[in-house]
Amino acid sequence: MATTTKIAISIDIKILNRIDRLVKSKMFANRSKAIQTAIEEKISKLDKSRLAIESAKLNKAEEQQLSEEGLKTDLTEWPEY
């Protein structure tokens, strides 16, 4: 079960007005939900960009070789345990 905690933030009045318009148009139930959704989406994008950065560091030739090593295994004989 998710728990929530109250926090206090300072926010630009123009952004707050935009949030209030979204709440008024029923896009979000309230300010808290609008801000929470925005933060969750931003964090998700950051996580994805970090994954892309780390993936770009991989040596493609080395990764290909490692993946092919598993394919070279003779599966006609199963190991006995």
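Here a trainee and a mentor talk through a predicted model of a single chain.

Trainee: Let's start with the fold. In what order do the elements of the chain run from the N terminus on?

Mentor: Happy to begin there. The secondary structure comes to three helices and zero strands. From the N terminus on, the order is therefore written with helix symbols alone, as helices and strands are numbered from that end. It reads α-α-α.

Trainee: Which element has the lowest mean pLDDT?

Mentor: As a backdrop, the chain averages a pLDDT of 85, and 84% of the residues score at least 70. Among the elements, helix α1 (residues 13-24) has the highest mean, 98. The lowest mean, 74, belongs to helix α3 (residues 60-71).

Trainee: What percentage of the residues in the chain is buried?

Mentor: A residue counts as buried when its relative accessible area is under 20%. The chain exposes about 8200 Å², with carbon and sulfur atoms supplying 57% of that area. Of the 81 residues, the buried ones make up 7%.

Trainee: Is Ile7 buried or exposed?

Mentor: Good one to look up in the viewer: Ile7 sits in the segment before α1. Together with Ile9, Ile11 and Ile15, Ile7 forms a nonpolar patch on the surface, with about 380 Å² of accessible area for the four together. The cut-off for the top class is over 50% relative accessible area. Ile7 has 68%, so Ile7 counts as exposed.

Trainee: Which helix gives the largest share of the lining of the largest pocket?

Mentor: That pocket holds about 350 Å³ of space. Its lining includes Ile7, Ile9 and Ile11, as well as Arg31, Ser32, Ile35, Gln36 and Ile39. The largest share is five residues, and the element supplying them is helix α2 (residues 31-56).

Trainee: Which residue's side chain meets that of Arg31 in a salt bridge?

Mentor: Side chains of opposite charge can pair when their charged atoms come close. A search of the whole structure finds one salt bridge. Arg31 takes part in a salt bridge at 2.6 Å, N to O, and the partner is Asp20.

Trainee: How many residues apart are Arg31 and Asp20?

Mentor: Arg31 and Asp20 form the salt bridge we just discussed. The pair links distant parts of the chain, with Arg31 in helix α2 and Asp20 in helix α1; their separation is eleven residues.

Trainee: What is the exposure class of Asp20?

Mentor: The middle class lies between 20% and 50% relative accessible area. Its partner Arg31 falls there with 41%. Asp20 has 26%, so Asp20 counts as partly exposed.

Note on methods
Residues are numbered from 1 along each chain as its sequence is written. This is a predicted model: local features need pLDDT of at least 70, side-chain atom pairs count only at pLDDT 80 or more; totals for chains, interfaces and linings use all residues. Side-chain values use heavy atoms; hydrogens and water are left out. Helices (H or I, at least four residues) and strands (E, at least two) are DSSP runs, numbered from the N terminus. Buried means under 20% relative accessible area, exposed over 50%, partly exposed in between (1.4 Å probe, protein chains only). Accessible areas come from the Shrake-Rupley method with a 1.4 Å probe; for residues, only the protein chains shown count as cover. pLDDT is the predictor's confidence in each residue, from 0 to 100. Patches are made of residues with over 30% relative accessible area and no salt bridge: like charges are joined within 9 Å, nonpolar side chains (Val, Leu, Ile, Met, Phe, Trp, Tyr) within 5 Å. On a 1 Å grid over the protein atoms alone, a cavity is a set of points where a 1.4 Å probe fits but cannot get out, and a pocket is an open set with protein on both sides within 12 Å along at least five of seven lines; lining residues have an atom within 4 Å of a point. Grid points are joined across faces, edges and corners, and a volume is the space filled by probe spheres set on the points.
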